[in-house]
Amino acid sequence: MRLLISLPLLFYVGVITGQQGDLTLWYKKPATNWNEALPIGNGRLAAMVFGDPAIEHFQLNEETIWAGGPHNNINDEMKNVIPELIKLLFEKKYAEAQRLSLEKMKSPQNGMPYQPAADLFIEFPGHHNVSNYKRTLDINRAVTETSYRVNGITFTREAFASFTDDIIVLKLSADRPQALSFTLKISTPHKNHKIYFENGRDTLVLRGTTSDWEGIAGKVMFSVKTVVKTEGTGTKTWFGDSTIKVADATTATIYISIATNFRNYKTLDVDPSLKSGFILKKAVEDQYEKKLERHIAFYKKQFDRVQFTLGEKSSEYLSTAERLEKFSTANDLSFIPLYFQFGRYLLISSSQPGNQPANLQGKWNSKLNPPWDSKYTININTEMNYWPAEITALPELSHPLFQMIKDLSVTGREAAQKIYNARGWVVHHNTDIWRITGPVDGGFYGIWPMGGAWLCRHIWEHYLYTGDKEFLNEYFPVLKSAIEFYVDALREEADNNWLVMAPSMSPENSYMQYAVDNVKKQSVSITAGATMDNQLLFELFSSFITAADILNTEKLFADTVREKRDRLPPMMIGKHGQLQEWLYDWDNPNDKHRHISHLYGLYPSYQITLSQSQELFDAAKNTLISRGDVSTGWSMGWKVNFWARLSDGDHAYKLIKDQLTPATQADGKEIGGTYPNLFDSHPPFQIDGNFGCTAGIAEMLLQSHDGAIELLPALPAEWTDGNIKGLHARGGFIIDMEWKNGKLYKAAIFSSLGGNCRLRLKAGQKAAHVNNAKGENPNPFYKIERIKKPLTGNKVSGLPLFKKNEYDMSTEMGKKYELFFE
């Protein structure tokens with residue numbers, strides 16, 4: 001390995017120069033349903049574009065249009081139930097505890113649904129029989145286009161959700177003068193609405209109010225304003241209060257502005273008409289081309305940070321739907337970078353600083369009552385949305401999530417005090433735009449007080465990747481308050497005197513059943529000391545202890561937290577050689593549940609590593625094999641990351657193939673997989689699977705969680721040649737890599753923080769001019785928190801060990817290092 005060092009850089013420029021493939025989703029026919037339409041968004045606004053020549057359909061969203069209004073879903077009668085549940089669990093009366101939980105642990109509300117804004121329809125007379133049809137989404141530019149020919153005339157539609165002007169824009173054009181005619185209408189599924197014209201009929205306005213829900217009055221008022229501008233020729237006429245007709249134009253541009261009265265989760269005092277009108281007036285002032293140029297420039301500053309090339313462009317002549325259909329059997333490697341970058345496109349389009357976080361469907365939803373309310377499910381799904389943010393160079397896109405965590409640290413105090421009689425803050429497995437923190441969905445699914453612990457890991461990870469002490473200092477009170485709750489809420493169990501969370505559960509899974517009557521059985525989920533809880537608490541406590549040391553504060557409280565951490569249960573290996581999901585060996589080897597929560601310690605956490613415990617590493621593999629591969633879409637995305645952490649690239653790639661299976665089968669049934677527009681299928685659509693798989697692909701190529709930066713840790717045998725530029729590693733390192741014939745050929749490392757760079761390579765890769773690594777990595781961002789020795793009474797079959805070499809390289813802040821491998 002040859003080493004070249006550059007001069008300091010003010011910003012990073014990569015050295016890997018491979019060309020990306022064509023990053024365009026394209027189709028030969030219009031969308032016939034929502035899961036074929038193409039998504040555009042700017043973080044706040046979103047639209048699904050159908051591309052029908054005769055009737056174009058834009059389904060519109062704005063991120064703060066939710067049912068209900070400010071509230072919290074606290075039932076303070078629960079505080080009388082919690083002690084009894086703990087007593088029953090410690091007496092091992094699990095069925096009785098479940099009965100009591102189902103009867104008494106009910107919140108007055110279970111979360112409000114995210115709701116659509118409106119539907120824009122544009123009718124084009126005589127455009128039913130067309131030729132040369134093509135519909136595209138260019139994720140290099142965040143622009144969608146539809147084109148076709150009618151009677152020798154080519155018609156084109158170009159649309160985008162502007163990041164810089166905060167509107168949705170649609171340009172219609174014909175290549176023959178005065179050939180463009182259409183009728184525009186708007187509607188909404190909301191019952192409480194009004195449509196009218198203002199500004200001398202220049203602006204079409206739809207005003208509405210969201211739904212009442214579970215006893216909470218709908219209080220979000222929204223305004224959708226639409227303006228049509230023609231250039232040169234063309235006449236506009238108006239019909240009734242909701243229709244605009246354009247005739248004999250050559251080009252027309254449609255501008256859509258949406259705003260609500262939402263200021264924050266507790267205040268609704270914005271004038272939606274005034275805000276939407278102000279945005280619209282400002283946006284239409286200059287030329288379309290300038291708006292498009294600004295939009296693309298903003299987008300590319302984020303999107304272009306990572307470039308990825310894999311395989312030949314052999315299948316790019318096929319439409320995206322055809323490529324998806326054939327992927328499991330075709331050698332279409334260039335489809336992988338397209339799918340990977342589509343995940344990054346979706347995150348950029350659904351989560352921008354100052355906005356709301358991406359929800360269960362990102363920002364795209366057509367239903368008043370969407371699946372699972374399209375809210376924030378925080379027992380994995382919301383967190384999975386943000387797995388790609390740090391590693392794929394989009395760290396600022398996590399800021400909406402951080403702000404939500406800060407909000408929850410306020411609203412969660414009520415839940416902690418009124419339900420658990422504890423300090424600090426707590427949130428359960430769901431929340432919404434109103435930042436509810438009480439249990440959701442009753443006593444089977446809802447009694448999981450660990451949502452805050454999982455969310456807090458994103459704060460710590462952001463610090464590990466960026467080294468931003470200001471950020472850490474700002475969010476340190478959030479971490480401390482979360483821990484105050486657990487310090488108060490942990491209980492000592494009698495068998496081993498460990499400290500455990502009770503009542504709780506292993507998300508959405510169960511370990512036994514009891515008879516309700518002669519026919520019906522009830523599953524039992526409620527428990528004490530679930531493995532995932534212990535892993536979450538170990539990580540949260542460890543992060544806080546280190547953060548307190550970095551910031552030189554709260555030393556006495558850190559000592560208390562350290563004492564609590566040392567009394568948490570160790571991980572345990574059960575009779576089947578599996579990692580136990582619960583405190584006792586209750587695992588069913590035939591369990592195929594979509595949640596594999598006890599492997600949180602493998603990913604996204606890193607308590608299960610070869611450097612920590614070969615036994616746990618092997619037990620995690622046994623658990624994965626037992627659970628199987630095919631599952632819901634998001635679960636398969638999680639499993640890609642699991643197998644990447646197990647250094648098994650071929651198995652990870654097999655999961656990608658499973659996930660890139662058409663969701664709609666020949667018989668019309670839907671399975672976990674991918675829809676034609678590349679949206680993930682649970683089924684139905686959930687966006688977390690897209691983000692999970694994007695993160696998994698990155699994890700196959702780069703890992704930095706286990707004391708070193710590992711290059712190509714899980715490269716599949718089929719990915720023989722490729723390159724990737726711009727992945728981020730912990731400690732502020734930015735990595736480019738190129739590989740040939742399955743081996744690393746060259747790499748470039750930019751050090752934004754300086755410090756020791758420890759590289760881990762598979763055996764066979766020669767390293768020269770750098771030092772062999774010795775001892776613990778001195779870089780503080782690579783500190784390994786030592787876990788307790790696992791408990792096991794069974795021999796675990798061993799994984800094949802991959803021999804790896806480690807090298808240390810001292811780096812300086814702002815310098816780039818080029819490495820060539822022989």
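These exercises work through strands, rings, cores and cysteines in one predicted model.

The model is predicted, and local features need pLDDT of at least 70, side-chain atom pairs count only at pLDDT 80 or more, while totals for chains, interfaces and linings use all residues. Residues are numbered from 1 along each chain as its sequence is written, and side-chain values use heavy atoms, with hydrogens and water left out.

**Exercise 1. Strand pairing**

Task: Find which strands β14 pairs with, and name a bridge partner in each case.

Solution:
- Begin with the terms: strands are DSSP runs of E of at least two residues, and helices are runs of H or I of at least four, numbered from the N terminus. Two strands pair if DSSP finds at least two bridges between them.
- Strand β13 (residues 203–209) is joined to β14 (residues 221–231) by 7 bridges, and the two run antiparallel. Here Gly208 has Phe222 in β14 as its bridge partner.
- β14 is also joined to β17 (residues 251–260) by 10 bridges, again antiparallel. Thr230 stands opposite Ala252 in β17.

**Exercise 2. An open sheet**

Task: Give the strand order of the open sheet of 5 strands and identify its edges.

Solution:
- The order is β28-β29-β33-β36-β34, and the pairing is mixed.
- The edge strands are β28 (702–703) and β34 (771–772), each of which pairs on one side only.
- At the β28 edge, 2 bridges pair β28 with β29 (residues 709–711) in the antiparallel sense. Gln703 stands opposite Glu710 in β29.

**Exercise 3. Aromatic rings**

Task: Classify the ring pair of Tyr133 and Tyr148, and state whether each residue is buried or exposed.

Solution:
- Rings of Phe, Tyr and Trp (its six-membered ring) pair if their centres lie within 6.5 Å; planes under 30 degrees apart count as stacked, over 60 as edge-to-face and the rest as tilted. By this rule there are 40 aromatic pairs.
- Tyr133 and Tyr148 are 6.5 Å apart, centre to centre, with 20 degrees between the planes, and the pair is stacked.
- Tyr133 lies in strand β7 (residues 131–138) and Tyr148 in strand β8 (residues 143–150), 15 residues apart.
- Buried means under 20% relative accessible area, exposed over 50%, and partly exposed in between (1.4 Å probe, protein chains only). Tyr133 has 12% and is therefore buried; Tyr148 has 1%, so it is buried as well.

**Exercise 4. Ala118, Leu60 and the core**

Task: Describe the surroundings of Ala118 and the place of Leu60 in the largest nonpolar core.

Solution:
- Ala118 lies in strand β6 (residues 118–123). Its relative accessible area is 0%, so Ala118 is buried.
- Contact means heavy atoms within 4.5 Å. Beyond four places in sequence, Ala118 is in contact with residues including Phe58, Leu60, Ile186 and Val224.
- Leu60 in turn touches Ala118, and its other contacts include Ala46, Pro116, Ile168 and Ile258.
- A nonpolar core is a set of buried Ala, Val, Leu, Ile, Met, Phe, Trp, Tyr and Cys residues joined through side-chain atoms within 4.5 Å. The largest has 244 residues, and Leu60, Leu711 and Trp719 touch the most other members.
- Helix α12 (residues 469–489) gives the largest share of this core, 12 residues.

**Exercise 5. Cysteines**

Task: State how many disulfides the whole structure holds, and whether Cys693 and Cys757 are buried or exposed.

Solution:
- A disulfide is a pair of cysteine sulfur atoms within 2.5 Å. The search finds 0 disulfides.
- Cys693 is buried, because its relative accessible area is 0%. Cys757 is buried too, with a relative accessible area of 0%.
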